[in-house]
Amino acid sequence: MIKLTPGLLLSMLLAVSLSAAMPARAQSANATPDNAQLDVHQLFATTCGWCHSDGGRAAGKGPQLMNTQRSDDFIRNRIKNGKEGAMPAFGAVFNDAQIDEIIKYIRDLKPHEG
Amino acid sequence: MKRKPSCFALPIAFAAMLAGSSALAQSVDTARIEAGGQNDWLTYHGSYNSYHYSPLAQINTSNVGNLSVAWIHIPGRSTRGLQSMPLVADGVLYYTGSYSRVFALNGATGEVIWSYFPELDEALIARQTHSPYNRGVAIGDGKVYVGTMDGRLIALDMKSGKVMWDTKLIDSQKLTVGFTGAPLFAKGTVIIGAQGGEWPGRGPIFAVDAATGQKKWEFLTVAGTDDAMKSWGNDSWRTGGGGGWMPGTYDSETNTILWGTANPAPLYDWSGADYKTQGARPGDNLYTSSVIGLDIDTGKLKFYHQELPHDAWDFDSAVGEFVMLDRDGQKYVVHPNKSGYIFVYDRNLGVKNVWRITQNSNFVKNIDPKTGELIGRRDFSAGKVSEPLCPHISGGVSWNAGSYDPKTGLYYKLGQEWCMTLEVMKTTPIVAPQAQLNIGADFKIAPPPGGEIYGHLDARDPITGAKKWEVRFPEPPLGSVLSTGGNLVFVPDSRGILHAYDAESGTELWNHSDGTGHQGGIVSYAVNGKQYIAVVAGFGGMASDDYAPTFGGVYKSMPRDDGALVVYSLK
């Protein structure tokens, strides 16, 4: 049973108020968003880059994504379900269309210029 | 001052009592934790003075060559390895594995007395990043206390492992944070800090009544007072980060809890030099990356020092132990910040000195040793950062503890030499449908300019920082350090070797392979007059994740889901 403490109330209000204030792409209170594009470049700098170094170009905590030999299905499954102790499950966070955009970003990854 | 090793000459009746019968054990209370206990290890940091030191001298420089494995325990399901600090009271060893598995073992034989595996919200854990490892328990007033990754603090009866209470402190569903750190028991109160630095929350530290499990107070490390609110421009406190994910300590003289707080979010800001008015979180961002003193009864803030105002590098103050020592009639508190700068305070957290253990460090030019002021700080703007940042995000030091030896007067602490390239980007905190990390940059590990990555064990004067000796390691060790009355310093390294060094000279006297890398605790205790060294082995935590791609070698085949508690004694 969740006790409705002031701290919990605050978090709930926070989530609601921030949902209203934030740009559409970061908002989605549900898993099915509007048609706004997912900025995967920014997503990596926000979240994915914690493990996927240099925007996915280098191996670090997680494997290198640039030039990965893994299939789209493998990547999709990995993003949705994660891997115990290695990768979180993002299935509740991204829908299929958004995962498609992430896969496209991965396929388009090139070394930095210069 | 040499101590006579009389601690283990126990009367026979008492020795019989200790042989596994925890039912007759004395109560562990605040006074007993404070006294330290010759044969015991009663709190995460050894005692409230946080020395990570055992006075036992049965194992010493003349006989450590005969040290061998007494027994091993394998907890199972050691996802991301073992990171916990065992505790020992009256011959019973208490430790945790991943998923907050708790074990009570006969300290002489390793026989399992009881075990407890909490039922966790596994669907939640699957969504977490800094999970499911656990750094240990607290004991006190007849109970064992453990935090969980789904935001609970659980109390178990010390004798039977039966659940006494189970209190939910964090609603982790949306924020996805929980507890990885060990709690602290003091004065009938159990204190534990949440994860938080990377997430869009406010990083609470909780105090719970040890008898009933009722929450006593909560301190928000992000803007926890009206004054602090002013140090977060544009309402950035709402998604400020913070937290206090490692145990601090208790100063009974002043009735104060000393705790280190975590970094603000996003980790990397785009403000440029004018961080007070520009960027993602304008202002100093109190009380992140600070050491704080809270009244243990009320949770009210008594004093603090912000080690890194507007921390723009993820160099938490949460990592460090609070070493309480006296010298020449002065009382000090020595606290390492993740940057590798070691802060020396008086007991009210007034800055007395600051020294640096890290060789490669450029996030600031220096920190003023008299005032703690940051000099020549590197604040970034959006875009590629031209000169690599040192140290790396894994820190100039990490959360593995150093050890202070009151006999040698030296502080044995591990330093880390690594850097990073990064490209800073403007990010927006993501709070729905689930909170995400808010880093603020793409980054990659890099060697120090003109050199290789390495780690080093330093023997230093804790107040002045003067170095007596140093031992280098090709990859930074990530385990805690133990020093003992036998004039030994034990370091569990990342390749899996446990080393023993002469505390005065740094000469290596003994080593042994534990089979996999270390990233957790090491303690010493005695049962029936016999001294033991207990260390956890099992790699796979945050800092270790970079080892296989960076160093190759043994790390390529090292498991990231296995581990064991290995206990040594003399033959």
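**Exercise 1. Describe how strand β16 of chain B is covered and which way its residues point.**

Strand β16(B) is mostly covered, since five of its five residues are buried, where buried stands for 20 or more other C-beta atoms within 10 Å of the residue's own, exposed for 12 or fewer and partly exposed for the range in between, with C-beta atoms placed from the backbone. The strands and helices named here are DSSP runs numbered from the N terminus, with at least two residues (E) for a strand and at least four (H or I) for a helix. The model is predicted, local features need pLDDT of at least 70, side-chain atom pairs count only at pLDDT 80 or more, and totals for chains, interfaces and linings use all residues. Residues are numbered from 1 along each chain as its sequence is written, while chains are lettered from A and ligands numbered from 1 in the order in which they are written.

Next, take the directions: B:Thr256, B:Leu258 and B:Gly260 point one way from β16(B), B:Ile257 and B:Trp259 point the other way, and all are buried.

**Exercise 2. Place β16 of chain B in its sheet and find the strands that stand at the edges.**

Begin with the order, which is β15-β16-β17-β18 in chain B, an open sheet of four strands with antiparallel pairing; two strands pair if DSSP finds at least two bridges between them. At the edges stand β15 (249-251) and β18 (301-306) of chain B, each with a single partner strand, so one side of each is left without a neighbour in the sheet. On average, neighbouring strands of this sheet are turned by 20° against each other, direction ignored.

Then follow the two pairings of β16(B). With β15(B) the pairing is antiparallel over three bridges, B:Tyr250 having B:Ile257 as its bridge partner, and the two strands form a hairpin with four residues between them, in whose turn B:Asn255 has a positive phi of about 60°. On the β17 side, residues 256-260 of β16 and residues 290-295 of β17 in chain B pair in the antiparallel sense over five bridges; B:Thr256 stands opposite B:Asp295, and B:Gly260 has B:Val291 as its bridge partner.

**Exercise 3. Work out how the two domains of chain B meet.**

According to an automatic or database domain assignment, domain 1 of chain B covers 1-82 + 95-105 + 403-413 + 453-571, and domain 2 covers 224-234 + 248-398 + 419-452. Their C-alpha centres lie 28 Å apart. Across the boundary, 20 residues of domain 1 of chain B are in contact with 23 residues of domain 2 of chain B, contact being given by C-beta atoms, placed from the backbone, within 7 Å. On the domain 1 side, the elements that give two or more residues are β27 (410-417) and β30 (454-460) of chain B.

**Exercise 4. Describe the surroundings of B:His456.**

The residue B:His456 is found in strand β30 of chain B. With 19 other C-beta atoms within 10 Å, B:His456 is partly exposed. Leaving out residues up to four places away in sequence, B:His456 touches B:Gly415, B:Glu470, B:Val471, B:Arg472 and B:Phe473. Of B:His456 and B:Glu470 one can add that they are 14 residues apart in sequence and 6.4 Å apart in space, C-alpha to C-alpha.

**Exercise 5. State the overall make-up of chain B.**

Chain B has six helices and 38 strands, and buried residues make up 60% of its 571 residues. The C-alpha atoms of chain B fill a box of roughly 70 × 50 × 50 Å, taken along the principal axes.

Definitions and conventions. Axes are lines fitted to C-alpha atoms, for helices over the stretch in contact, and angles run from 0 to 180 degrees between N-to-C directions.
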